[in-house]
Amino acid sequence: MEKVGVVFGGSRGIGKAVAQLMAEKGYRLAIASRDLEVAKAAARNLGGNHLALRCDVAKEQDIQSAFAEMEKKLGRVNFLVNAAGINRDALLLRTKTEDMISQLHTNLLGSMLTCKAALKNMIQQQGGSIVNIGLIHTDMTKGMKEEQLKKNIPLGRFGEPSDVAQAVVFLLESPYITGHVLIVDGGLQLVL
């Protein structure tokens with residue numbers, strides 16, 4: 001199977017770290033972001049001949065167009081990483097309904113739509129891997145009370161995008177692991 005992958009949200013944070021490690025391991029990648037210029041810069045920084053795409057994962061038409069362009073320029077995608085996400089961190093009482101809807105559309109519906117599009121290819125080629133990523137210390141989390149949160153993590157530090165990238169590539173390259181949730185949290189779940 002060719003190593004053709006797409007990283008939604010691959011222009012910054014976790015997605016950028018995942019894309020970097022995948023490129024180092026020989027994947028041909030599409031980097032998808034809502035900002036095409038940022039995606040182009042991220043793809044250029046990977047070296048090689050990677051594709052940059054503008055795609056808002058909350059919009060099904062954007063996703064369909066992105067997959068059509070990837071197939072035309074890279075071939076069938078058989079590795080999908082969903083790292084696109086937004087954070088509207090606020091107390092529930094102060095959170096605007098439109099912020100909740102925006103977060104649901106991007107973080108939940110977006111992942112579902114990209115999986116749906118990728119599965120069509122993966123079923124036809126009888127194989128592929130999908131990894132959906134949760135929350136870790138990035139620009140998106142910098143507004144949180146970090147010092148208080150860090151005290152609860154047994155390893156005493158937040159995970160970095162590179163920590164998650166190692167786990168993502170492990171899952172992508174492990175053909176007999178399926179339907180698994182791999183928790184990469186520095187042991188936080190052990191104390192909750």
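Me: Which residues of helix 4 does helix 3 meet?
Reply: This is a predicted model: local features need pLDDT of at least 70, side-chain atom pairs count only at pLDDT 80 or more, and totals for chains, interfaces and linings use all residues. Numbering starts from 1 along each chain as its sequence is written, and side-chain values use heavy atoms, with hydrogens and water left out. Helices are DSSP runs of H or I with at least four residues, strands are E runs of at least two, and both are numbered from the N terminus. Glu60, Ile63, Phe67 and Glu71 of helix 3 meet, on the helix 4 side, Gly110, Leu113, Thr114, Lys116, Ala117, Ala118 and Asn121.

Me: How do the residues of that contact divide by type?
Reply: Contact here means heavy atoms within 4.5 Å. Ala, Val, Leu, Ile, Met, Phe, Trp, Tyr, Cys and Pro count as nonpolar, Asp, Glu, Lys and Arg as charged, and the others, Gly among them, as polar. On that basis you get three charged, three polar and five nonpolar.

Me: At what angle do helix 3 and helix 4 pack?
Reply: Axes are lines fitted to C-alpha atoms, for helices over the stretch in contact, and angles run from 0 to 180 degrees between N-to-C directions. Helix 3 (residues 60–73) and helix 4 (residues 97–124) have axes 10 Å apart, packed at about 35°.

Me: Is Asn121 buried or exposed?
Reply: Asn121 sits in helix 4 and touches Phe67, Glu71, Arg76 and Val77, not counting residues up to four places away in sequence. Under 20% relative accessible area is buried, over 50% exposed, and in between partly exposed (1.4 Å probe, protein chains only). Asn121 has 7%, so it's buried.

Me: In what order do the five strands of the sheet run?
Reply: Strands pair if DSSP finds at least two bridges between them, and the pairing in this open sheet is parallel. Strand 3 (51–54) and strand 5 (129–132) are the edges, each pairing on one side only. Strand 1 (residues 4–8) is joined to strand 4 (residues 79–82) by four bridges. The whole order is 3-2-1-4-5.

Me: Which helix supplies the largest share of the largest nonpolar core?
Reply: A nonpolar core is a set of buried Ala, Val, Leu, Ile, Met, Phe, Trp, Tyr and Cys residues joined through side-chain atoms within 4.5 Å. The largest has 25 residues, and Val18, Met22 and Val81 are among those with the most contacts inside it. Seven residues, the largest share, come from helix 1.
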